Amino acid sequence: MATTTKAGAAKSPASPTTKKTTMKNAKIEPTEFHEFFVDELKDIYWAEKHLVKALPKMKKAATSPELAAAFDKHTQETQTHIETLEQVFALLEEKPAAKKCDAMAGLLEEADGIISDTDSGTMIRDAGLILAAQKVEHYEIATYGTLKVFAENMDRTDVAILLDQTLENEKATDVALTECAVSFVNQAAAEE
């Protein structure tokens, strides 16, 4: 109902547009699930940032040019994964931040152990490097697959699409590593 001012002019109540604008600009309190999701994004962000540093070392340790090339390719892809995660943080209006990923730290430590426990220039080392790399890929596949479903459950299709792109890339890398192992590395390692 309109109210009358001293001058007698009618004053209308706040328009619905004004209310919407105010609501749209208000900071929405994130749910506990949202906070958990962001925390897990920070975890995989740390993982990717440390993997991108470890892959060149794995490339250098590889015996076969094919495996070295695969590690080089995955280094470039991992940099893209980092950039994609930064896009996800931006869509969620969160600052990109890394939280130590104990799983990835352990997997990368294991990869270092394989390098130090095998002889340089052997296919046994390549077989071990593939094993270490596939453990990393399987961890990433599990993480991105779950985060994608979390995003879908929060009605964040935009985020889910980005996470799915990375998920599909991780799956393709795993397949490429398997093909490398099956096509020649494992047999050559068994014959050494």
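Which helices each supply at least two residues of the lining of the largest cavity? I opened the notebook with this point and noted that the model is a predicted one.

**Entry 1: the cavity.** I looked up the lining and found that helix H2 (32–61) and H5 each supply at least two of its residues. I recorded that the structure holds one cavity of 30 Å³ or more. For the space inside the largest cavity I wrote down about 30 Å³. I then listed the residues that line the largest cavity: Leu51, Leu55, Met58, His74, Ala133, Val136 and Glu137. Sorted by class, I entered five nonpolar, one polar and one charged residues for this lining.

**Entry 2: H2 against H5.** I next examined the two helices that supply the lining. I noted that the axes of H2 and H5 come within 11 Å and cross at roughly 160 degrees. The cut-off for roughly antiparallel is an angle over 145 degrees, and I therefore entered H2 and H5 as roughly antiparallel to each other. For handedness, I recorded that H2 passes H5 in a left-handed crossing.

**Entry 3: H5 against H6.** I turned to the contact of helix H5 (residues 123–153) with helix H6 (residues 157–191), where the packing angle is about 160 degrees and the axes are 8 Å apart. That angle makes H5 roughly antiparallel to H6. I entered the crossing of H5 and H6 as left-handed. By class, I noted 20 nonpolar, seven polar and nine charged residues in the contact of H5 with H6.

**Entry 4: salt bridges.** How many salt bridges does the structure hold? I recorded eight. One general point I kept in mind is that side chains of opposite charge can pair when their charged atoms come close. I looked up the salt bridge of lysine 57 with aspartate 112 and noted that the closest N and O atoms are 3.1 Å apart. Lysine 57 lies in helix H2 and aspartate 112 in helix H4 (residues 102–117), so I recorded that the pair ties together parts that are 55 residues apart in sequence.

Notes:
Residues numbered from 1 in each chain as written. Predicted model: local features only at pLDDT ≥ 70, side-chain atom pairs only at ≥ 80, totals over all residues. Heavy atoms only, no water. Axes fitted to C-alpha atoms, helices over the stretch in contact; angles between N-to-C directions. Helix = DSSP H or I, 4+ residues; strand = E, 2+ residues; numbered from the N terminus. Parallel < 35°, antiparallel > 145°, perpendicular 65-115°, else oblique. Left-handed = near helix turned anticlockwise from the far one by under 90°. Nonpolar A, V, L, I, M, F, W, Y, C, P; charged D, E, K, R; others polar. 1 Å grid on protein atoms, 1.4 Å probe; cavity = no way out; pocket = protein on both sides within 12 Å on 5 of 7 lines; lining within 4 Å. Points joined across faces, edges and corners; volume = space filled by probe spheres on them. Salt bridge = Lys/Arg side-chain N within 4 Å of Asp/Glu carboxyl O.
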